[in-house]
Every structure is written in C-alpha cells, then in structure tokens.
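Please look over the fold shown below. A short report on its strands and overall build follows.

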Amino acid sequence: MTKAIITCAVTGGAHTPTMSAALPVTPEEIAEQSIAAVEAGAAILHLHARMPEDGRPTGDPEVYRKFLPVIRQRTDAVVNITTGGSATMPLAERLKAATTFLPEMCSLNMGTINFAMFPASRRIDQWKHSWERDYIVNSDDFIFRNTFRDIATILETMSDAGTRFEHECYDVGHLYNLAHFVDSGAVKPPFFIQMIFGILGGIGPDLENLMFMKATADRLFGADTYQWSVLAAGKHQMPFLTQAALMGGHVRVGLEDSLFIERGELATSNAQQVAKIVRILKEMGREPATPAEAREMLGLKGGDRVEF
C-alpha cells in the first residue's frame, strides 16, 4: 500500500496548557491548528474540546460547536470526535459531542486501563492554571473505564447514525475485546484499528510489541479485513510511526500524543508534526492519503451526512 492515512490528534485531554504553549486550547486555536494540519497532509482530525478560559477538558457540545463548523467550511477532512474525553469524565459526558454532531468517525477505546501522566509533574514547578497540578499528580489513581457494557453502548448509540470507529487498542487484550464484538456482528469490516504504545498503563513502547500486536490482529481478523494505524506517546512517536509505515500501516501524530518534534524540542504546532511524518513517508515512497481516499479505505458515510 503506497497511500498512508495521516490522523492528527490536535489537543486531546491528557496534556495541560503549562506543558506547552503550542497546545491549542480555545476554539479558535483548535480550528486554526486543525486547518493547518490538513493543509500539511492530514486526512483525519481527531478532536477533543477544552474550556477556553483554562484549558480543562470538556465534553460540552456548545464548545465543539464553536470550532467544528469552521473546520468543515475550510477543509474536507474527516472529523473524528472523541468518545474518550478524559479519564475523569463519565461515559454520558464523553458521548455528548458525538451524539450531537454524528461525525463520520469517533474514537472507541477497547478496554479499561490505568491511564497515568503523573511522572510529568516532576518536571514542572509552576502551573499556569489551578486545576492542572491535581489533574496530573492524581492520575496515579485514574482508571480509564471502558467496560464491555460501555463499548456496547457506544456502538449501539453511534452505529445507527452511520458513524464508524477508530478502535483504540492500548494492549493486546483490547484486540481480543474487539474480536468479541466482531464475532457478535456489532463491528463489521472494514474497521480501523489504532494501536497505541507508550501510555503508562498500556502496552510498552517496544518495537517487538508492535510486531506482536500486528501479528495478533492478523490472526484474529485476517489482514484484509481491517485498516491499521499506530500512535506512540512522547519521544516514541516518530520512531514507532516510521516502523509502522515500513510495515504498511497508517500513522497518527498530534499534540495529544506528543508535545515534541524531536528529542528535547517542543513542537511549535500540530502541522509541524504532520509535515515531518509526510517527509518520512515520502522517503519510503509513500504518499499521504487525501480525505477522499481515507473515506474510501475506511468505508465512511461522507462529510455531507454529519450534523455540523
């Protein structure tokens, strides 16, 4: 496969404003960085929302409403709205934006894990906003809940709208969870697996794990029934994406996953990361997929069937 789908995860719900001045917080910042990421080569935008005044993660559809129409008007990108939100949100809040706007895609986390960022607090002495320190430090007690009932609820809620999923697999067991839903008929091919490495609480960032995850997915599903992509946290981002691209996979970049452009140097924007992975792909003879090509590969309903 020569075409690679580039997903850009623009802001996420894990990093906080103190960690990087480039992290988009306001609707205007999220829209502008999303548009620039598409111009740089991203086909899919994975989107979270934040409270404009302090960057706190939010599931409020009214905040999303301030940037989703702008992105749709100025790009042809596939919009992928989170149903993960943050580990502190109940499922009902995590689902609000997706059920309001009925996007072409939304994320679907395939299992419950510990989800921890607390080591990052050791590098920060002063915090920009009062909520940030407790949010990061207390993540040693976070459980990112995604039970079988939660997963079934998201599938049942969103599938009738024609929304398809980025199945986020943080560990090998999550592939088996996905296989359960495939076997039951709740998930149908072509489906899209996002393999995630390097989150504290998930599978470790070792290249042997990438090979094992891919081999396991091939055994469970058959290599021709799904599309797959890789994201890796922090310093592991580009090395893992390079390996995944060599193996024929798709890739995900963005400030949700890593705040850096290279070791010790903060990225200045999401578009900078997109441009870097585009250069890497081209060195391998691979080209970024357009949004239209991504829609065809993933069997999406089209940007004219969303509610924004």
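Which residue of β3 does Thr7 stand opposite? The partner of Thr7 in β3 is Ile44. The model is a predicted one.

## Strand β2 and its neighbours

Strand β2 covers residues 6-9. Both of its faces are covered. Ile6 and Cys8 are buried on one side. Thr7 and Ala9 are buried on the other.

β2 pairs with two strands named here. Strand β3 (residues 44-47) runs parallel to β2, with three bridges between them. Strand β13 (residues 250-253) also pairs with β2 in the parallel sense, again over three bridges. Thr7 takes part in both pairings: Ile44 stands opposite in β3, and Arg252 stands opposite in β13.

## Strand β7: enclosed

Why is strand β7 described as largely enclosed by the rest of the structure? Five of the five residues in β7 (residues 105-109) are buried, so the strand is largely enclosed. Buried here means under 20% relative accessible area.

The cover reaches both faces of β7. Met105, Ser107 and Asn109 are buried on one side. Cys106 and Leu108 are buried on the other.

## Partners of β7

Strand β6 (residues 78-81) is parallel to β7 and joined to it by two bridges. In this pairing, Ile81 stands opposite Cys106 of β7.

Strand β10 (residues 164-169) is also a parallel partner of β7, this time over five bridges. Here Leu108 of β7 has His167 of β10 as its bridge partner. Cys106 and Leu108 lie on one and the same side of β7.

## The chain as a whole

The protein chain holds eleven helices and 16 strands. Its radius of gyration is 18 Å, close to the 19 Å that the globule rule gives for 308 residues, so the chain is as compact as a globular protein of that length. The C-alpha trace spans about 50 × 40 × 40 Å along its principal axes.

Of the 308 residues in the protein chain, 59% are buried. Contacts with a separation of 6 or more were also sorted by distance along the sequence. Residues 24 or more positions apart account for 75% of them.

## Surface and charge

How much accessible surface does the protein chain have? The total comes to about 12500 Å². Carbon and sulfur atoms contribute 50% of that area.

The protein chain carries 29 positive and 37 negative side chains. The centres of the two sets lie 1 Å apart.

Note on methods: Residues are numbered from 1 along each chain as its sequence is written. This is a predicted model: local features need pLDDT of at least 70, side-chain atom pairs count only at pLDDT 80 or more; totals for chains, interfaces and linings use all residues. Side-chain values use heavy atoms; hydrogens and water are left out. Buried means under 20% relative accessible area, exposed over 50%, partly exposed in between (1.4 Å probe, protein chains only). Helices (H or I, at least four residues) and strands (E, at least two) are DSSP runs, numbered from the N terminus. Two strands pair if DSSP finds at least two bridges between them. The radius of gyration is taken over C-alpha atoms; the globule rule is 2.2 Å times the number of residues to the power 0.38. Contact means heavy atoms within 4.5 Å. Accessible areas come from the Shrake-Rupley method with a 1.4 Å probe; for residues, only the protein chains shown count as cover. Lys and Arg count as positive and Asp and Glu as negative; His and the chain ends are not counted. The place of a charge is taken as NZ of Lys, CZ of Arg, CG of Asp or CD of Glu.
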